[in-house]
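Got your viewer open? Load the model and let's walk through it, one selection at a time.

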Amino acid sequence: MQPPAAPRSGDAWVDEELDGVRYGLAATVVEERISPYQRITIIDSPAYGKGLLLDGCWMTAERQERHYHEPLVHPALCAAASIERVLVIGGGDGGTARECLRHAGVVHLDMVEIDGLVVELARRHLPSLGGGAWSDPRFHLTVGDGIGWAASSADASYDVVLVDGSDPAGPAEGLFNRSFFQHCRRLLRPGGVFATQSESPEAFRQVHIDTVRLLREVFGHADPLYGWVPMYPSGWWSWTFACPDGPRYREPLAERAAAVAGGCAIWSPRWQRGAFEAVPAFVERALAATDGDQP
Ligand code: SPD
């Protein structure tokens, strides 16, 4: 991976502002559109290339997206008993689908993204995100409501369910609630694995803790994994993995891991083991208190 480059003359600061802190890049706005769901902004920055914001919040950028997509995808795809049928809810830039389809065992991937304009702009301006996924015959895109899709899909219809949504406000709010998670559990086949981005333990502390707690209640087993997405609020990020029949997501199957690890910039089996262990003490205490132990 290249180190970030210096600002160009003519670039302005493009910032996400949260609770009195700014997270910004020197960049030029390439295109901005209002969809029925949100404001979609495409920028170009010397540091991280072209990037995407939704309602002023950073989603992804060409030279930073691997920090986010690899940790969401590979612990789940390297652990589920089978990976024939995968569901991605959200993920309109295509990065999550691209990483899933690097696994040869995936036969059918449904991606359900609510905002067709995000897909259109990502394909036009950020083609490396989805890469070959958009034309892969295993890939099936539905522009529609992922929450409704989960509610109406048959029991035990997927091996892996991944949620790649934005923060819990606007169209993504319903991706953090009990009934949605209950449907995701219902969709899993035996040995199936669920994963979702679970916000920052620093910038979205309570949302993060509440999400891990709720997933433990709904699935029986759930664990957060910690990494870094430098452009996101605080830079410190998490993804939470859940499975009804035990924490099988913690240890990747060697053969599947070996097939994808060489093409990864961030994820490796060793990185994953450390990332599951890197639970901050305040989160560990909060979760232990929930489980009935002393904090
Ligand atoms: N605060 C940003 C959370 C965004 C998570 N989804 C990013 C989409 C990348 N595919």
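Start at the border between domain 1 and domain 2, where the count is one salt bridge (a side-chain nitrogen of Lys or Arg within 4 Å of a carboxyl oxygen of Asp or Glu). Show Glu31 and Arg124 as sticks: their side chains make a salt bridge, 3.0 Å from N to O.

A word on what you're looking at: this is a predicted model, with local features needing pLDDT of at least 70 and side-chain atom pairs counting only at pLDDT 80 or more, while totals for chains, interfaces and linings use all residues. Numbering runs from 1 along each chain as its sequence is written, and side-chain values use heavy atoms, leaving out hydrogens and water.

Now colour 12-61 as domain 1 and 65-291 as domain 2; the bounds come from an automatic or database domain assignment. Their centres, taken over C-alpha atoms, are 22 Å apart. Select the contacts (heavy atoms within 4.5 Å) and you get 24 residues of domain 1 against 23 residues of domain 2. Between them the domains bury about 2,100 Å², 67% of it on carbon and sulfur atoms; that is the accessible area (1.4 Å probe) lost on putting the two parts together, summed over both.

Next, stay on the domain 1 side that touches domain 2. Elements giving two or more residues there are β1 (12-18), β2 (21-34), β3 (39-45), β4 (49-54) and β5 (57-61), strands being DSSP runs (E, at least two) numbered from the N terminus. β2 gives the most, with six residues.

Last stop: zoom in on β1 and β2, an antiparallel pair joined by seven bridges (pairing takes at least two DSSP bridges). Pick Asp15 and you'll find its bridge partner in β2, Gly24.

Methods: Helix = DSSP H or I, 4+ residues; strand = E, 2+ residues; numbered from the N terminus.
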